[in-house]
Amino acid sequence: MAGYGSGIFAEIIDDGDDGVFKYYADGQWNKSSSGKSVPIINPTTRKTHFKVQACTQEEVNRVIESAKTAQKSWAKTPLWKRAELLHKAAALLKEHKAPIAECLVKEIAKPAKDAVTEVVRSGDLVSYCAEEGVRILGEGKFLVSDSFPGNERTKYCLTSKIPLGVILAIPPFNYPVNLAVSKIGPALIAGNSIVLKPPTQGAVAALHMVHCFHLAGFPKGLISCVTGKGSEIGDFLTMHPGVNCISFTGGDTGIAISKKSGMIPLQMELGGKDACIILEDADLDLAAANIAKGGFSYSGQRCTAVKVALVMESVADTLVKKINDKVAKLTVGPPEDDCDITPVVTESSANFIEGLVMDAKKKGATFCQEYKREGNLIWPVLLDNVRPDMRIAWEEPFGPVLPVIRINYVEEGIHHCNASNFGLQGCVFTRDINKAMLISDAMETGTVQINSAPARGPDHFPFQGLKDSGIGSQGITNSINMMTKVKTTVINLPAPSYTMG
C-alpha cells in the first residue's frame, strides 16, 4: 500500500525539491502565493519532517468566498445525497487508514496502534453523522396557536432546522483527524460548508483526511483546508465576517477567540484538570487500572486524561502501590514501536511539564519514580503527597505526570475539583451507587464517569465543559443541532379550524 504523500495522495504534495504539502481550496490542491512554508517538527527526532503551505490572508478571503457560494447549492442538495457522500468519505478514510496513521506517528508521536484506531474511529464517526443527520434533520415541529391563552386555532406553525452557512473548524494537535471530522461531519450533513484550519502538528494527517473527502466527490468549494501560521491567519480567520460559526478544540486560545469573534455560535472545548475521587469502598484494582490508563495513555496528552487523583487516606497506600505496579509495566520509547509513553509534542511542552515537576519536587512531593527526560521524551511519574500549594495540583500538564492528593473526607475531594477553573470531566470510584450519584451531582464538570476514567467517546455521547473548559456541547447529535438554526413558517387561517378525528 502507498505511504503518505504517494499513490492516491501524490497530488497533495508539491513534487519539487522541497516536497511541501499543498492546501485544499476550490476542489483542488494548491501552492500558496506566499512562496513560504511552515515546518512540522517530528517530536521523536526533533527535526523537520514535513512542510505545509503558509497561506496568505488573501487566500483565506478566496476560500471563504468559495465556501459561501458552494454552501448555497449544498443546502439545496437532498439529505440522502449528502449522507451518501459522507458514507463514501467514511469508507475512503478506513481504506486509507495506514498512510494517515503514519502521518500521526511522525507528526505528533502517536503510538502506531492508537494512530490507526483514530482513523478508523473517524470513519465510523462520519458514517454515524450521515445516519443521525438523516433522522434528526428530516423531522420538524408542528405547533398550533390555541395552546396559548387567548388564542383560537387559527395559526399553524411549522419549524425546521436550516444550515448556518460557513463553519470554521479548528481541531487540536492530539486528535487532528478525529476532532476534525467531529466538526466536518455534522457541518456537512446539516447543509453547511466547512473551512478547516488544522493544527500545525497534525496538519499533514488532516490534509490526507481531507483528500478522502475530495475523492468522495463533494462539490468544489464546499470543503477547504488552509494551513499556515496562527500569527498570520489565525485572528484573520476567527474574526472573518464570512464565518458563521466556529468549532474549536484546544487551549487558552479559545478564550481569546470567544472575545474577538462576532455574534456567531461558538462550540469550544478548552481542556480540563479532570479529577478522580477514590472512596474507601472502591474496587482498588479497577481504580488503579483506570487511573494508570487514564493518566498515561498517549503520554497524558488528552483533555480527558486523569489529571489529579484525590484518594481517601485509608486506602491511599494500597492504591498508590497498585498504580505504581501498572506504571512499571508501561513501555517508553518511539511511537513506531507502539510504546505506551512516547515523546510529547514539542520541546516547549516538555519544558512546561518539567517546570511543574520541579515545582512539586521543591515543595516536597513524593516521587514514586525517578524523573527522567531525553529530548521530548519524559518517563511516566506518579507524584504522591501533592499539596494544594503545588502548581501540579491545579495546572494541566498535558504530559505523563500524575499527582495524588490524599484526602480525609470526600468533601475535600469535591472542593478541590470545584475550586479548579476547569470543569471538563471528573470521575468517582465507589461500590455505593447512592454516594456515586451524590458526588456526581456535586462535581462541577460537564461529565462525571462512575467507576471509569474520563473519556470523550463513544462519539455520539454529549461532551461538554463548564467554566474555562468550554461552551456549547459536542457529540454527534449535539453538534448537528448546534450547526443549524430554527426556521419558522406560520400559516394564518381565516377562521379557527379544529380537527374532529
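**Exercise 1.** Which helix supplies the largest share of the lining of the largest pocket? Describe this pocket in the predicted model.

*Solution.*
1. Start with the volume: the largest pocket holds about 1100 Å³ of space.
2. Its lining consists of 41 residues, and Phe173, Gly250, Gly251, Asp252 and Thr253 are the closest to the centre.
3. Next, assign the lining to secondary structure. At least two residues each come from helix 7 (230-238), strand 10 (245-249), helix 8 (253-260) and helix 11 (347-362).
4. Helix 7 has the largest share, with 5 residues.
5. Finally, sort the lining by class: 19 residues are nonpolar, 16 are polar and 6 are charged.

**Exercise 2.** Characterise the second largest pocket: which residues lie nearest its centre, and which element gives the most to its lining?

*Solution.*
1. The space in the second largest pocket comes to about 780 Å³.
2. There are 33 lining residues; nearest the centre lie Asp114, Tyr175, Lys293, Ser297 and Arg302.
3. Two elements, helix 4 (112-137) and helix 9 (284-296), give two or more residues to this lining.
4. Of these, helix 9 gives the most, namely 6 residues.
5. The class count for this lining is 14 nonpolar, 8 polar and 11 charged residues.

**Exercise 3.** Determine how strand 12 is placed among its neighbours. Are Ala275 and Ile277 buried or exposed? Which strands pair with strand 12, and in what sense?

*Solution.*
1. Take the two faces of strand 12 (residues 275-278) in turn. Ala275 and Ile277 lie on one side, Cys276 and Ile278 on the other.
2. These four residues are all buried, so both faces of the strand are covered; the cut-off for buried is under 20% relative accessible area.
3. Now look at the pairing with strand 13 (residues 308-312): the sense is parallel, over 4 bridges. Within this pair, alanine 275 is opposite valine 308.
4. Strand 19 (residues 425-429) also pairs with strand 12 in the parallel sense, over 4 bridges. Here isoleucine 277 has valine 428 as its bridge partner.

**Exercise 4.** Which helix joins strand 12 and strand 13 in a β-α-β unit, and what is the handedness of that unit? Relate the helix to a pocket.

*Solution.*
1. The unit is made of strand 12, helix 9 and strand 13.
2. Its handedness is right-handed.
3. Helix 9 was met in Exercise 2, where it gives 6 residues to the lining of the second largest pocket. The helix of the β-α-β unit is therefore also a pocket-lining element, by the DSSP numbering of helices.

Note on methods. Residues are numbered from 1 along each chain as its sequence is written. This is a predicted model: local features need pLDDT of at least 70, side-chain atom pairs count only at pLDDT 80 or more; totals for chains, interfaces and linings use all residues. Side-chain values use heavy atoms; hydrogens and water are left out. On a 1 Å grid over the protein atoms alone, a cavity is a set of points where a 1.4 Å probe fits but cannot get out, and a pocket is an open set with protein on both sides within 12 Å along at least five of seven lines; lining residues have an atom within 4 Å of a point. Grid points are joined across faces, edges and corners, and a volume is the space filled by probe spheres set on the points. Ala, Val, Leu, Ile, Met, Phe, Trp, Tyr, Cys and Pro count as nonpolar, Asp, Glu, Lys and Arg as charged, and the others, Gly among them, as polar. Buried means under 20% relative accessible area, exposed over 50%, partly exposed in between (1.4 Å probe, protein chains only). Two strands pair if DSSP finds at least two bridges between them. A crossover is right-handed if, with the strands pointing away from the viewer, the path from the first strand over the helix to the second runs clockwise.
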